[in-house]
Amino acid sequence: MSTSGYFDALKGFRNSLVEVEILCEAADTTSSDRQKSSTFNKAAILLIAGKFESFAESIIEELIFKLNECQLPCDQIPTGLRLQHTFDALAGLEHLRHPYKQEEAAALFHQLGKLWVTTEKFKDLAVEAKLAFGRHGEAELIKLFEKVGIPDIFDLVKLVESVESLSSDAPVEVPIDFRGIFNSVTAIRNNILHEDASPNLSTAQIKSHRLYFEQFAIGVDSHLAQLLERCQNQVTAASGAQSFSQPPPTVIRLSSTGPTASPCPSSTPSA
């Protein structure tokens, strides 16, 4: 499977990472001035974390847009996604109590009724694809993807890399703990923004973080593309089919020749 990307969100994220490379180069060239070098490194880590958050929000918005293009029958839309649409729609219900909002309120309830009790095609899914303000972490990212019926995203996208084996000539695949990397970078980001901290990070560490965030984003893009493909196939399937199922976990394999994306039949990559 190609790593060039299916969603525009991935293209935008990868383009933004060029700026991280520029900041890393600036940190290297000013290494003799600790304050300057540290400032460039702090900016780079903030950019990685911030742009990744923006990527996550954007790709969810794109997914909803493309799901609406599929015009799934209401009964084939996953229950979790229908619930999130309903909760978000009802969140602003109070302002519809005014007499001059009666038509708008009636249209909303008609739409929701259609979503839950008919088999008509539906193209008006809407989900609030925004992370909460404040100190972010893995829980917030998981909640964001859960809004569109995707369980723990860290379990569905895996990073592995080939390393030399001490017991054989063939390399072995070792899983990369991206969940831990994400939490570490997010904690550093939070400390910089909220505590004015100056973490002791080397440029090499930041480049490594940049690589892993990019590859995880490629995996997310690949996984959601597979989800959409199943959705499109479902539309052409016989009537009465069940809602589309989650694809198997996507594994991104890092090697000297570059990353490759592939679905994995098991929930964990082989070591």
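A salt bridge here is a side-chain nitrogen of Lys or Arg within 4 Å of a carboxyl oxygen of Asp or Glu. The model looked at here is a predicted one, and by that rule it holds 14 salt bridges. The overall layout comes first, and then the pairs themselves.

The protein chain is built from 8 helices and 4 strands. Walking along the sequence, the order of these elements reads α-α-α-α-α-α-β-β-α-α-β-β. So much for the order; burial is the next thing to look at. Of the 271 residues in the protein chain, 45% are buried. The outside adds up to about 14100 Å² of exposed area, and carbon and sulfur atoms supply 52% of that. As for who touches whom, take the contacts between residues at least 6 apart in sequence: 72% of them join residues at least 24 apart.

Back to the salt bridges. In general, side chains of opposite charge can pair when their charged atoms come close. One such pair is Arg210 with Glu21, whose side chains meet at 2.8 Å, N to O. Arg210 sits in helix H8 (residues 203–235) and Glu21 in helix H1 (residues 8–29), so this pair ties together parts of the chain that are 189 residues apart in sequence. The two partners are covered to differing degrees: Arg210 counts as buried because its relative accessibility, 12%, falls under the 20% cut-off, whereas Glu21, with a relative accessible area of 28%, is partly exposed.

Another pair is Lys101 with Glu104, which meet in a salt bridge at 3.3 Å, N to O. Here Glu104 is partly exposed, with a relative accessible area of 41%. A further salt bridge joins the side chains of Lys158 and Asp155, this time at 3.9 Å, N to O. Lys158 is buried at 16% relative accessibility, while Asp155 is partly exposed at 37%. These two residues also belong to a network: salt bridges link Glu138, Asp152, Asp155, Lys158 and Arg179.

Strand E1 (residues 157–163) is home to Val160. Val160 has a relative accessible area of 1%, so it is well under the 20% that marks a residue as buried. Measuring from C-alpha to C-alpha, Val160 lies 9.6 Å from Phe178 in space, with their positions 18 residues apart in sequence.

Phe178 leads on to helix H7, which covers residues 178–195. The helix has 18 residues and spans 24 Å from its first C-alpha to its last, close to the 26 Å expected at 1.5 Å a residue. Its buried residues are Phe178, Ile181, Phe182, Val185, Thr186, Ile188, Arg189, Asn190 and Ile192. The spacing in that list can be read against a general point: an α-helix has 3.6 residues a turn, so residues three or four places apart point the same way. Just after H7 comes Asp196, with a positive phi of about 55 degrees.

Gln71 has a positive phi as well, near 50 degrees, in a residue other than glycine. Gln71 is found in the loop between helix H2 (34–70) and helix H3 (79–91). With a relative accessible area of 31%, Gln71 is partly exposed.

That leaves the empty spaces. The largest pocket holds about 200 Å³ of space. Its lining is made up of Ala27, Asp28, Ser31, Arg34, Ser37, Ser38, Asn41, Ser198, Pro199, Asn200, Leu201 and Thr203. H1 and H2 each supply at least two residues of this lining, and the largest share, 4 residues, comes from H2.

Closed-off space is also present: the count comes to 1 cavity of 30 Å³ or more. The largest cavity has a volume of about 30 Å³. Around it stand Glu53, Leu131, His136, Gly137, Glu140, Leu141 and Phe182. Phe182 has already come up, as one of the buried residues of H7.

Note on methods
Residues numbered from 1 in each chain as written. Predicted model: local features only at pLDDT ≥ 70, side-chain atom pairs only at ≥ 80, totals over all residues. Heavy atoms only, no water. Buried < 20%, exposed > 50% of the residue type's maximum accessible area, 1.4 Å probe, protein only. Expected span 1.5 Å × (residues − 1). Contact = heavy atoms within 4.5 Å. Areas by Shrake-Rupley, 256 points an atom, 1.4 Å probe, with all protein chains shown as cover. 1 Å grid on protein atoms, 1.4 Å probe; cavity = no way out; pocket = protein on both sides within 12 Å on 5 of 7 lines; lining within 4 Å. Points joined across faces, edges and corners; volume = space filled by probe spheres on them.
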